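Work through the exercises below with the model open beside you, and try each task before reading its solution.

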Amino acid sequence: MDYLISEQAVLAACLADDTGRSSATAVERLTEDDFTSEAHRQIFKLLASSSEPLNEVDVAIELPNFKAEALELVELHGGGKVDRYVEQVEQTRNRRIAEHSIHHAMDLLNANKSAEEIASVFNTKVAKALTRGTGQVKIGQAANEAYSEFLAIDAGDSSAISTSFSKLDKALSGGFQPGKLYVLAARPGIGKSALAIHFSHEIAKKGYRIAYASLEMSASECAGRLLSRESGVSRPRQKGDLLPAHKKKLEDAKQRMKHWPITFKDDAEATLDSFRAFLVQERAKGGVGLAVIDYLQLLSAPGYDSRVQEVSYLSRSLKQISMELEIPILALSQLNRALEAQNRKPMLSDLRESGSIEQDCDTAFLLSSESKDNPLKEKIRVHVAKNRGGENDLCTFVEFQKSLGRFQAHQEPSLNDDEDIY
């Protein structure tokens with residue numbers, strides 16, 4: 001369908017509907033900039049600003065310069081539902097933005113800009129087109145969405161993706177949720193990367209796509225941890241460590257892993273723009289169940305003199321990206337080494353290099369070692385120090401089998417099953 005006809009069809013449906021529902025639908029999904037004709041832009045702007053349904057006479061009175069266009073629109077209305085026409089205008093808009101993005105990318109290429117910068121600009125523009133909204137949501141619509149979310153959580157059918165730990169899922173209203181930024185922080189050697197890989201493994205096994213950006217380990221190192229988890233065979237330390245049975249388990253696990261929807265960004269010098277481009281590319285392939293960045297302090301954003309300012313910008317931008325792309329992002333973070341000298345449990349104020357991480361994230365997990373009595377399994381304390389929209393200051397414990405990178409819920413010898421979370 002010709003784009004002008006699509007625009008006319010939307011406006012005609014709105015003017016012919018005295019209930020105002022067609023106008024409400026169009027205003028919710030479109031903006032005046034989505035229309036190519038000046039007459040169409042002004043008529044849509046008038047419809048969007050009116051609290052009452054308008055017809056062609058109202059438009060002719062309010063916009064005398066576009067009287068002829070308004071009267072012509074009514075004759076074009078064929079009785080179809082506005083949703084269909086709105087979708088056609090959206091598709092035309094997205095194609096137009098894609099074309100503009102291609103031209104802009106060519107200009108950058110001719111200006112000898114780096115391939116990374118060109119890809120980042122192009123992907124960001126296209127992503128914004130695909131997730132574009134007016135930014136205006138009426139209370140009725142927002143209340144309906146909240147009500148539906150409440151019922152979905154109660155029915156066990158929410159959009160949240162399980163962490164694989166029931167106590168954490170309960171605290172997070174079901175698990176990781178689209179559009180939220182989660183921070184997983186610990187001192188080195190506690191197991192934050194291993195726990196992030198655990199989350200990724202469990203989520204990928206359910207069929208959700210994982211976008212994993214590791215700035216600390218190569219893709220093969222991350223895959224090696226997954227291989228140990230899946231096979232139950234620890235990484236060999238010397239010649240002859242692997243028995244034939246071990247090799248068979250590793251081979252079988254490797255074959256299963258081929259089909260997991262996990263993609264690694266193997267770049268030790270990743271920038272925020274390249275990470276955004278990576279997520280846009282993965283999102284274009286389908287829904288992303290979880291995006292991981294390991295770890296936040298290794299990410300860079302050129303142009304800042306102060307590292308504190310840079311990290312503040314990074315944390316704020318990660319939150320914006322999670323909302324823009326509707327992807328849960330798990331950002332790993334270092335904690336200040338002062339807490340070790342003070343021999344105490346970590347607090348939010350220990351987040352390294354910026355207090356804005358605490359402000360920008362929706363949820364913060366602080367890890368600390370609780371007990372090393374068992375040489376095979378270490379008891380790790382998971383403190384939900386911040387939980388926007390849920391209870392704060394909850395703690396649970398997990399057992400970490402470091403040789404295999406496996407975690408499981410810790411079971412206290414207690415009659416009360418809920419004593420390990422408080």
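**Exercise 1.** At what angle do helix α2 and helix α6 pack, and how far apart are their axes?

*Solution.* The model is a predicted one, and the two helices must first be located in it: α2 covers residues 21–29, while α6 covers residues 82–110. Two packed helices are described by the angle between their axes and the distance between the axes. For this pair the angle is about 20°, and the axes lie 10 Å apart. Angles under 35 degrees count as roughly parallel, and α2 and α6 are therefore roughly parallel to each other. The crossing in which α2 passes α6 is right-handed. On the α2 side the contact is made by S22, T25, A26 and R29, and on the α6 side by V82, D83, V86, E87, E90 and R93.

**Exercise 2.** Decide whether C222 and C361 are buried or exposed.

*Solution.* A residue is called buried when its relative accessible area is under 20%. For C222 the relative accessible area is 0%, so C222 is buried. C361 likewise has 0% relative accessibility, and therefore C361 counts as buried. As for disulfides, the structure holds zero of them.

**Exercise 3.** Describe the chain as a whole, beginning with its helices and strands.

*Solution.* The chain contains 16 helices and nine strands. It has 422 residues, of which 45% count as buried. About 22,000 Å² of the chain is exposed, and 49% of that area is supplied by carbon and sulfur atoms. Finally, if one takes the contacts between residues at least 6 apart in sequence, 66% of them join residues at least 24 apart.

How values were computed:
Residues are numbered from 1 along each chain as its sequence is written. This is a predicted model: local features need pLDDT of at least 70, side-chain atom pairs count only at pLDDT 80 or more; totals for chains, interfaces and linings use all residues. Side-chain values use heavy atoms; hydrogens and water are left out. Helices (H or I, at least four residues) and strands (E, at least two) are DSSP runs, numbered from the N terminus. Buried means under 20% relative accessible area, exposed over 50%, partly exposed in between (1.4 Å probe, protein chains only). Contact means heavy atoms within 4.5 Å. Accessible areas come from the Shrake-Rupley method with a 1.4 Å probe; for residues, only the protein chains shown count as cover. A disulfide is a pair of cysteine sulfur atoms within 2.5 Å. Axes are lines fitted to C-alpha atoms, for helices over the stretch in contact, and angles run from 0 to 180 degrees between N-to-C directions. Angles under 35 degrees count as roughly parallel, over 145 as roughly antiparallel, 65 to 115 as roughly perpendicular and the rest as oblique. A crossing is left-handed if the near helix is turned anticlockwise from the far one by less than a right angle, and right-handed if clockwise.
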